[in-house]
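User: I'm new to reading protein models and would love a close look at one part of this one. Could you walk me through a single pocket and the elements around it?

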Amino acid sequence: MPIPVVQLGTGNVGVHALRTLITNPEFELTGVWVSSDAKAGKDAAELAGLADATGVRASTDLDAVLATRPRCAVYNAMADNRLPEALEDYRRVLAAGVNIVGSGPVFLQYPWQVIPENLIEPLEDAAREGDSSLYVNGIDPGFANDLLPLALTGTCQSIQQVRCMEIVDYATYDSAVVMFDVMGFGKPLDEIPMLLQPGVLSLAWGSVIRQLAAGLGISLDEITEKYVRRPAPEAFDIASGHIPMGSAAAVRFEVLGMVNGEPAVVLEHVTRLREDLCPDWPQPAQPGGSYRIEVTGEPSYAMDVCLHSRQGDHNHAGLVATAMRVVNAIPAVVAAPPGIVTTLDLPLITGRGRYVPGDRVTHLSR
């Protein structure tokens, strides 16, 4: 029997999740929740860019969407700039007896010792009340810095450090809120954006550090953070808007899990708006961007993960990967015990049922 599901949010990530919920027979789409009146009333297929109507129309009424009795909700609504509202959304959905897979707020990937207990308890209480589970993940935070590094460390005799890196050109990432308001690109260097306010990096990526530490059995003394920004040498445009000369055009930051004064677990981002900026910073393994995992130990590893897409560039591929990381987890999350679950709790999530025959796959000549 198909799993009844609803889609909550149809933006850059949600549109890819919605497309799969409509087209994959493993799921039965029963509702779509949107935040704008402009999308309300539209058929889900139209919002997903599909031709055949579903008969499911989007609504701004969350209660009405939950009344369609789904077993799971895919939450891809904007959360970075509305954290209290997003947490209340989660509480309401869980209390209604609906499981959730989501892409944010990212600290819910592994919230313990990252956010205060008084923010976690309402979600766990609601999950017990509704006999429901919650799983938040994606590509980063998520797959590129939880499952992959932990899999590599499973072959190590000893480990001194695990470093997870995102090295990406964000010029084609089309979200003015994220790019300008959250990350501070295009702003004067003396204007500190939301992301770089004290403690925010540790809030946003502390879940990565804490989960890796838990997976490795490490007790951290503290989590620290540091960053550096570089200005645009000239004015130029990106997908989200205009970058004035002298404004922030590149940022590099680290979130470090410390043990005895040494960084044992590190999350590092190297973010540019043009490939030629900061040539002395780490470079991606492919044009546009890649993820890199470095394990220092015995043996040591260096692994680059390069995302591609036939429908767009590396940023498009990352949005699809984020959506599918949680959509593919739906059956496991529905089967999980009530409460917040993490990658450490779930079985291996694979691309089961996602094979599609094609004629463009290269192979060795016979």
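Analyst: Here is a walk around the second largest pocket, followed by a helix that lines it and some of the strands elsewhere in the model. Please keep in mind that this is a predicted model.

Let's start with the space itself. The second largest pocket holds about 1100 Å³, and 31 residues line it. If you want to find its centre on the screen, look for Val-320, Ala-321, Met-324, Asn-328 and Arg-354, which lie nearest to it. Two elements give two or more residues each to this lining: helix 1 (14-23) and helix 9 (314-327). Helix 9 supplies the largest share, with 6 residues.

What is the lining made of? It divides into 13 nonpolar, 14 polar and 4 charged residues.

Where does the pocket sit in the chain's overall layout? Domain 1 (3-140 + 317-360) and domain 2 (147-311) both contribute residues to the lining, so the second largest pocket lies between them.

Now let's turn to helix 9. It has 14 residues, which at 1.5 Å a residue should span 20 Å, and the end C-alpha atoms are indeed 20 Å apart, so the two values agree. Is helix 9 mostly enclosed or open? Because 11 of its 14 residues are buried, it is largely enclosed by the rest of the structure. Here "buried" means under 20% relative accessible area. Among the buried residues are His-314, Asn-315, Leu-319 and Val-327. Met-324 is buried too, and you have already met Met-324 as one of the residues nearest the pocket centre.

Next, the strands. An open sheet of 7 strands, paired in parallel, follows the order 3-2-1-4-5-6-15. Strand 3 (58-59) and strand 15 (339-340) stand at its edges with a single partner strand each, so one side of each has no neighbour in the sheet. Within that order, strand 4 (residues 72-75) and strand 5 (residues 99-102) run parallel and are joined by 4 bridges. To see one such pairing, find Cys-72, which stands opposite Asn-99 in strand 5.

For a contrast in direction, look at strand 13 (residues 289-298) and strand 14 (residues 301-305), which run antiparallel and are joined by 5 bridges. A hairpin of 2 residues connects strand 13 to strand 14. In this pair, Ile-293 has Met-303 of strand 14 as its bridge partner. In general, strands of a sheet pair through backbone hydrogen bonds, whether parallel or antiparallel.

Note on methods: Residues numbered from 1 in each chain as written. Predicted model: local features only at pLDDT ≥ 70, side-chain atom pairs only at ≥ 80, totals over all residues. Heavy atoms only, no water. 1 Å grid on protein atoms, 1.4 Å probe; cavity = no way out; pocket = protein on both sides within 12 Å on 5 of 7 lines; lining within 4 Å. Points joined across faces, edges and corners; volume = space filled by probe spheres on them. Nonpolar A, V, L, I, M, F, W, Y, C, P; charged D, E, K, R; others polar. Domains from an automatic or database assignment. Pairing = 2+ DSSP bridges. Expected span 1.5 Å × (residues − 1). Buried < 20%, exposed > 50% of the residue type's maximum accessible area, 1.4 Å probe, protein only.
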